[in-house]
Amino acid sequence: MSCSADAVKDRLLWNVKKEVKQIMEEAVTRKFVHEDSSHIIALCGVVEACLLHMLKRRAAGFLRTDKVAALFTKVGKTCAIAGDVCKKVQELQQQVESRKNQPNGQEPLKRQGSTTSKTPVLTPQAIKHIWVRTALIEKVLDKIVQYIVDNCSKYYEKEALLADPVCGPILASLLVGPCALEYTKLKTADHYWTDPSADELVQRHRIHGAHGRQDSPSKRPALGIRKRHSSGSTSDDRFAASAREYVESLHQNSRTHLLYGKNNVLVQPKDDLEAIPGYLSLHQSADSLTLKWTPNQLMNGTLGDSELEKSVYWDYALIVPLSQIVCIHCHQQPESRWTLVLVSQDGTQRPPLHFPQGGHLLAFLSCLENGLLPRGQLEPPLWSQQGKGKVFPKLRKRNSNKSVDLEEMPAEDTSTDYVFRIIYPGHKHDNNSGEMIEMQGFGANLLSWQLEHCSQGSSCISCSMGSSPYDIPSCCTCIHDRTPLKMLCESMKRQIISRAFYGWLAHCRHLSTVRTHLSALVNHSIVPPDRPASAAAGLTREVWSKYQKDRKNYKELELLRRVYYGGVQHEIRKEVWPFLLGHYKFGMAKKEMDQVDADIALRYQKVMAEWKACEVIVKQREKESHSATLAKFSSGSSIDSHVQRLIHRDSTISNDVFISVDDSEAAEQEPKEPALAAPAAEFDSPDSGLPSSRNYSVASGILSSIDDGQGGSFEDGAEEEGGPERGRPEPGAGVSQEQLCSHAEGLASLCAASYSIELLDTVALNLHRIDKDVQRCDRNYWYFTAENLEKLRNVMCSYVWEHLEVGYVQGMCDLLAPLMVILDNDQLAYSCFSHLMKRMSQNFPNGGAMDTHFANMRSLIQILDSELFELMHQNGDYTHFYFCYRWFLLDFKRELLYEDVFTVWEVIWAAKHISSEHFVLFIALALVEVYREIIRDNNMDFTDIIKFFNEMAEHHDAAEILRIARDLVYKVQTLIENK
């Protein structure tokens with residue numbers, strides 16, 4: 001029962017640690033924490049679970065449904081800080097109740113009122129955890145919890161978490177950090193858009209992505225509102241920071257002038273939807289004109305705050321910078337509304353705007369014409385008529401027999417169409433048209449609408465369109481010319497052909513550049529997944545059995561092809577991984593494999609004895625140093641030069657690792673630790689990282705005698721256990737741990753003077769680093785018991801001993817842990833880890849592979865997804881891809897579940913021979929591509945994408961990511977082959 005209770009406490013504390021870590025990361029990356037952040041709500045929930053653990057019924061209140069409220073109320077009677085929180089919560093609850101009881105009709109008035117008297121808006125989650133949340137926002141939650149811990153007997157049973165003498169103070173200490181943060185309300189209105197969690201973004205993408213909607217000019221970009229804190233939000237049509245500010249911006253304000261406003265203008269956002277009435281407004285700022293249309297549902301105040309933020313109508317709102325518009329088409333069918341269509345520079349038509357009957361369209365065009373001045377104008381311009389103001393230009397319809405004045409025809413029998421251009425005199429396009437007219441004998445400063453009017457006083461439509469001067473109607477005295485129009489068509493034809501040719505030429509040059517830069521990233525020969533047989537099932541036990549029966553004739557490439565396209569069946573991973581990592585070579589006979597294992601075992605024991613002997617001396621030095629220091633302090637005398645020298649000698653050891661007196665005494669009584677496995681390397685090899693062999697003259701003689709003894713013991717073991725029924729022995733099964741420990745102690749007593757001070761300091765530093773990381777390595781995974789953690793430490797210390805020039809770097813334990821889980825043999829794991837580190841060591845700070853990975857990622861995404869590359873470049877320019885650092889350093893080990901890590905790793909190892917030696921690049925690119933739409937739709941900057949992928953760790957679909965990565969490799973291969 002006690003074990004179960006302790007497990008519950010540990011679980012509760014672990015949940016609190018997790019949420020505190022999330023909040024502190026958000027505070028660092030975003031420089032602020034919002035009061036309604038999802039992490040705040042989660043922390044309040046886990047803290048409440050701790051507070052309610054084994055709470056006495058008397059403290060919880062017999063009739064109270066809200067036990068947390070009862071607890072705070074009871075604590076508030078004796079704790080002044082808790083009492084202040086109770087008053088604050090009661091005020092908030094009263095304000096929330098008064099808000100609920102207020103009629104909906106007063107909502108618009110409330111929005112226009114002063115912000116000081118505004119009722120605070122609390123989400124349902126915030127109301128649920130209002131007591132703990134209020135204490136946290138007021139920065140007193142840690143003090144209240146500490147008070148409860150100090151007086152736990154009043155409120156909790158003896159087995160409760162807060163009554164525990166260890167867990168209770170830990171909980172109070174964990175809350176000190178969150179209570180020291182600053183919480184803000186600045187982005188309450190747009191919090192739904194700017195601060196969603198990673199899970200919420202993924203779910204939102206799944207919901208909206210199912211409709212398969214393509215971006216259109218009528219769709220509002222990126223969740224409706226751009227982010228205030230994004231470093232890349234510098235576009236001309238920047239949206240307001242919140243929904244309410246957006247609605248308020250539709251009215252006259254200090255930044256823009258409202259030129260025109262009209263309600264009940266209809267827009268049909270989709271073909272399958274009816275036309276929606278909305279508010280059309282024209283705004284003029286210092287340097288631009290902007291047309292906005294907002295659905296009435298967002299304007300009339302019928303939606304609450306939460307509904308307003310979540311409304312789908314934000315997708316239908318329009319914001320059109322008129323600098324992007326070149327033509328305005330006006331249409332009217334008999335007895336129907338006027339329809340206005342805006343055409344962009346690229347020919348894209350915006351959704352039609354349907355004006356009510358009357359003079360509303362003319363009023364809009366008049367305001368637009370005034371707003372364009374003095375930089376721009378409408379062509380043809382509106383006419384000014386005495387007594388009526390602005391009117392449409394009078395057009396004459398040409399007929400084969402006669403000309404008919406449109407004004408003379410009954411309105412019910414005609415449909416009227418007008419086309420207006422927005423021109424900017426002095427712009428290069430206008431100069432070109434002027435030059436074309438000048439070529440035909442007209443002045444360059446002559447505009448088509450400035451030609452002489454017809455005798456009837458109306459402007460001829462042929463004049464406004466630049467008609468031919470040789471085709472002059474009898475009733476019209478205007479000069480007409482069709483030649484410029486014909487020349488314009490021919491010029492456009494030549495430009496289209498020219499652009500197509502130069503586009504094709506640029507594409508060919510681009511492909512040549514791509515082949516040059518990407519050819520080294522993939523293998524040029526494509527290995528198909530379905531020939532000679534489908535490899536989707538991977539390497540199964542049946543296929544592996546066939547290989548073991550016929551090792552010489554079974555093709556290695558076929559096995560690797562199956563691993564690459566389907567992975568390895570879990571039951572045979574222990575047998576296959578040594579081949580994939582290079583411990584064995586494909587095609588080896590059983591006798592050759594036994595010899596490899598025997599060699600690894602001998603070299604393993606040799607390295608074990610070496611570093612074990614050095615570890616004994618390091619511990620002895622540390623004990624002497626600390627004992628002398630404590631003795632001097634206890635005697636009250638000053639520290640002499642000898643102790644100072646000892647302290648200085650140990651100054652390189654990490655500050656957060658200390659050895660107490662009890663630890664020192666325990667070190668004298670405890671037997672020597674088990675031996676550590678190490679990679680097979682010669683003692684005085686250049687790669688060993690040790691000083692020259694003259695520092696180890698004594699040790700070398702001792703080690704040679706140990707090697708002789710070990711060799712005899714291995715031979716004896718082989719004779720005793722080498723029967724045919726025994727099979728191939730496990731590597732390193734010949735020497736016992738007791739023998740190795742006795743050898744190490746004897747060696748240490750003889751060669752203590754042989755080690756240089758620099759070497760001892762280096763070994764001590766690395767041992768401390770390894771001890772810290774081993775205890776933290778995957779401690780929640782079932783395999784890593786105390787015994788297996790000791791094996792992990794042995795392997796890691798042995799590898800580092802042979803590579804002291806690099807030493808231990810954080811992350812190495814993460815790479816070794818999956819090998820230990822699968823192989824479950826320290827010596828075999830050591831050999832495989834040594835082969836793995838030949839590639840992975842270059843990713844650590846001493847190598848230069850990480851910068852190469854970043855450069856290659858930049859090239860790949862720039863070529864394969866240029867749109868996403870541009871987005872990343874604009875939003876703070878994180879095309880340096882530093883957010884991929886952990887991915888490359890650990891081969892995605894912390895991004896995936898443990899079971900998925902096994903599959904991804906073996907595919908990476910097989911990809912070297914099948915598709916690409918740099919397959920990790922394509923996995924990283926696949927990770928980005930999987931969430932491409934989420935990154936694009938939310939305009940993520942560098943901090944956003946780091947936060948997103950941190951939260952998505954261990955939630956990725958590994959099978960889908962591998963499929964996309966293989967497709968990307970194939971895409972590059974076909975690109976290089978020009979298929």
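Helices (H or I, at least four residues) and strands (E, at least two) are DSSP runs, numbered from the N terminus. This is a predicted model, in which local features need pLDDT of at least 70 and side-chain atom pairs count only at pLDDT 80 or more, while totals for chains, interfaces and linings use all residues. Residues are numbered from 1 along each chain as its sequence is written, and side-chain values use heavy atoms, with hydrogens and water left out.

**Exercise 1. Locate the cis peptide bonds that precede Pro380 and Pro532.**

Solution.
1. The bond from Glu379 to Pro380 is cis, its omega being near -5 degrees. Pro380 belongs to the loop between β10 (377-379) and β11 (383-385).
2. The bond from Arg531 to Pro532 is likewise cis, with omega near 5 degrees. Pro532 sits in the loop between α20 and α21 (541-549).

**Exercise 2. Describe the setting of the positive phi values at Asn264 and Phe881.**

Solution.
1. Asn264, although not a glycine, has a positive phi of about 60 degrees. Its place is in strand β3 (residues 257-267).
2. Phe881, also a residue other than glycine, has a phi near 60 degrees. This residue is in the loop between α34 (866-874) and α35 (885-889).
3. Accessibility is classified as buried (under 20% relative accessible area), exposed (over 50%) or partly exposed (in between), with a 1.4 Å probe and protein chains only. Asn264 is partly exposed because its relative accessible area is 41%, whereas Phe881, at 0%, is buried.

**Exercise 3. Determine how far helix α23 is enclosed.**

Solution.
1. Helix α23 spans residues 573-581, and seven of its nine residues are buried, so the rest of the structure largely encloses it.
2. The buried residues in α23 are Arg573, Val576, Trp577, Pro578, Phe579, Leu580 and Leu581.
3. Just after the helix, Gly582 adopts a positive phi of about 100 degrees.

**Exercise 4. Contrast the nonpolar interior with a nonpolar surface patch.**

Solution.
1. A nonpolar core is a set of buried Ala, Val, Leu, Ile, Met, Phe, Trp, Tyr and Cys residues joined through side-chain atoms within 4.5 Å. The largest core has 138 residues, of which Phe883, Phe919 and Phe948 touch the most other members.
2. A contact means heavy atoms within 4.5 Å. Leaving aside residues up to four places away in sequence, Phe919 touches Tyr564, Val907, Ile908, Ala911, Leu962, Ala965, Arg966 and Val969.
3. Another core, of 59 residues, lies apart from the largest one and includes Leu12, Ile137, Tyr155 and Leu175.
4. On the surface, Leu485, Leu488 and Met492 form a nonpolar patch with about 260 Å² of accessible area together. Patch residues have over 30% relative accessible area and no salt bridge; like charges are joined within 9 Å, and nonpolar side chains (Val, Leu, Ile, Met, Phe, Trp, Tyr) within 5 Å. A salt bridge is a side-chain nitrogen of Lys or Arg within 4 Å of a carboxyl oxygen of Asp or Glu. Areas follow the Shrake-Rupley method with a 1.4 Å probe; for residues, only the protein chains shown count as cover.
5. Leu485 lies in helix α20 (residues 483-518).

**Exercise 5. Assess the confidence of the model.**

Solution.
1. The predictor's confidence in each residue is pLDDT, from 0 to 100. Its mean over the protein is 74, and 68% of the residues reach 70 or more.
2. Over residues 211-241 pLDDT stays under 50, and the model has 70 contacts beyond four places in sequence for them.
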